[in-house]
Amino acid sequence: MKIGRKLLDKMPENYRNNLAVLTSAMHMLMKFGDIQSAERIFRLNKKKDIITYNVLIKVYNLNDESSKCFKILEEMSHEGIVPNEITWNILIGACSQIGMIHRCEYIIDRIPMDIPNNRLIQNSLIDMRGKCGSVEKAQITFKSIDDRDTVTYNAMINAFGLNGMGSEAIQLYKQMPNHLRDEASHICVLNGCSHSGLLHEARNIFDEITLKTEKIITVMIDCLSRLFLFDEAQKLIDNYEKTNKPQLIMYMSLLSGARNNRNRHLSEKIYDRMNDLFPNEKQHLVSGAVLVSNVYSSFGEHQLATNFRSSQIKELRTNVTKGLSWAQINDEIVQFTANDNSHPQASEIDSEIGRMTSELIQHGYKFDSSWITREIKDRETIQSVLCGHSEKKAIALNFIQQPVPKFIQIAKNLRVCGDCHEFTKLIAKIRQCDIIV
């Protein structure tokens, strides 16, 4: 980064209007995560072409600013710049990140008729629809491709896996020609087994894989950890480390499973091991500290959780990722954080959550206090704290805008807590509405 910025500062004046040089500079800044500097170069550039616009869209996409990609598409239209195949492919990638089906279909409808038959675009569409929970449409695209390649199969296997359709993922994996299978194929199908709890099938597939790479072993560790088979998962780590350097992601998978299992001793043991092995991986260590503190909270030891979390974050000098949920309401992406009262309809949202809660309780629902990760303050209850979660607010706003919807979609940047998971499933059943989170 230092070298790159130095080069930019020393760049002779006659190069500052050179389109190729400026586009390369934007690409470099994109890799640095410096969006503002990339935007500044873009705005100063008087001779923008399709390549320049594509790089800016990619800048936003790779730096979690996907919603801005669509504004650039409108600007291109205003400036008379015609999107090409690469533009559409990057925009489909942006849709995958946002995860909103209606926004994705809006983009798909704008793709010129001669481009969708391109296999690169079709593969991206399968991936996007899978990540948006639109598995049936992903299958339609998959079946329309005659010359399927490795990416085509992997995208569809992954689409099944992400949406809890592990059996379908396995079936397609077995249908896939052997010569097309690669590392990603094994990872996608094992991930599908992991999300669907298909342990026997995962073991069989894992045993048949000749070359077990770091990533393949990691996803198998994740599968075992989700099912609380920690001894078996630890054995895989031990065997791997006989000939390789330790890998932090393996320990994070183990720790995540221990948190869900509320296994205090194991959580502490794994976190201490991570601290010893990976002292410089500050962001991951903060994530690990949050998981351990959540285990303490699940036993009602909120003061211990707060002290542990605060001391670790202070020592590591980095920030915790804030949980976000977003939904598309009247063509706008609306975003919520926990206990967010900034929306103009905040009081209506709280009232709707109250109505949902009454319906749930009538059906025997009980709020799960083990998912509360902080001390309950004065005038708060278990119910009020859990009802402040961002995805519940996003679901409530959908019901306010459309009282009898057939479909609601919420996207998140972090995992859904167990209480919100059960809350969502039951309210979907009660109100007869498909809800994808």
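UniProt positions are given here in the numbering of this chain, and such annotations may be inferred rather than shown by experiment. With that understood, the unreviewed UniProt entry places the feature "repeat: PPR" at residues 49–83 and 149–179, and the model on which these spans can be followed is a predicted one. In residues 49–83 the chain is 74% helix and 0% strand, with the end C-alpha atoms 10 Å apart. For residues 149–179 the values are 74% helix and 0% strand, and here the end C-alpha atoms are again separated by 10 Å.

A further annotation in the unreviewed UniProt entry, "domain: DYW", covers residues 364–437. This span is 41% helix and 11% strand, and 23 Å separates its end C-alpha atoms. Taken as a whole, the protein chain contains 23 helices and 5 strands.

The overall dimensions can be considered next. The C-alpha trace spans about 65 × 60 × 50 Å along its principal axes. A compact globule of 437 residues would have a radius of gyration near 22 Å, and because the protein chain has 24 Å, the two values agree. Of the 437 residues, 49% count as buried, and among the contacts with a separation of 6 or more, 65% are accounted for by residues 24 or more positions apart. The accessible surface of the protein chain comes to about 22900 Å², with 50% of that area belonging to carbon and sulfur atoms. As for charge, the chain has 54 positive and 52 negative charges, whose mean positions lie 4 Å apart.

Within the helices, two residues show contrasting degrees of exposure. Tyr106 belongs to helix 7, which covers residues 101–110, and its relative accessible area of 40% is why Tyr106 counts as partly exposed. Between the C-alpha atoms of Tyr106 and Cys95, which are 11 residues apart along the chain, the separation is 10.0 Å. Arg129, by contrast, sits in helix 8 (residues 119–131) and has a relative accessibility of 10%, so Arg129 counts as buried, the cut-off for that class being under 20%. Once neighbours within four places in sequence are set aside, the residues in contact with Arg129 are Glu105, Ile108, Ser134, Val135, Lys137, Ala138 and Thr141. The C-alpha atom of Arg129 is separated by 20 Å from that of Met176, a residue 47 positions away along the chain.

Further along the chain, the loop between strand 2 (332–336) and helix 20 (346–362) contains Asn339, and Ala338 is also placed in the loop between strand 2 and helix 20. Ala338 has a relative accessible area of 44% and is therefore partly exposed, while Asn339, at 42% relative accessibility, likewise counts as partly exposed. The backbone of Asn339 deserves attention, since its phi is near 55°, a positive value in a residue other than glycine. Most residues other than glycine have a negative phi.

The surroundings of Ala338 link this loop to other parts of the chain. Not counting residues up to four places away in sequence, Ala338 touches Gly323, Gly388 and Ser390, and its C-alpha atom is separated by 7.5 Å from that of Leu324, 14 residues away along the chain. Ser390, one of the residues that Ala338 touches, lies in helix 22, which covers residues 390–401. Because its relative accessibility is 4%, Ser390 counts as buried. With neighbours within four places in sequence left aside, Ser390 is in contact with Leu324, Ser325, Phe336, Thr337, Ala338 and Lys412. The C-alpha atoms of Ser390 and Gly192, 198 residues apart along the chain, are separated by 27 Å.

A second positive phi is found at Gln432, where the value is near 55° in a residue other than glycine. Gln432 occupies the loop between helix 23 (418–430) and strand 5 (434–436). At 58% relative accessibility Gln432 counts as exposed, because that class begins over 50%.

Technical notes:
Residues are numbered from 1 along each chain as its sequence is written. This is a predicted model: local features need pLDDT of at least 70, side-chain atom pairs count only at pLDDT 80 or more; totals for chains, interfaces and linings use all residues. Side-chain values use heavy atoms; hydrogens and water are left out. Helices (H or I, at least four residues) and strands (E, at least two) are DSSP runs, numbered from the N terminus. The radius of gyration is taken over C-alpha atoms; the globule rule is 2.2 Å times the number of residues to the power 0.38. Buried means under 20% relative accessible area, exposed over 50%, partly exposed in between (1.4 Å probe, protein chains only). Contact means heavy atoms within 4.5 Å. Accessible areas come from the Shrake-Rupley method with a 1.4 Å probe; for residues, only the protein chains shown count as cover. Lys and Arg count as positive and Asp and Glu as negative; His and the chain ends are not counted. The place of a charge is taken as NZ of Lys, CZ of Arg, CG of Asp or CD of Glu.
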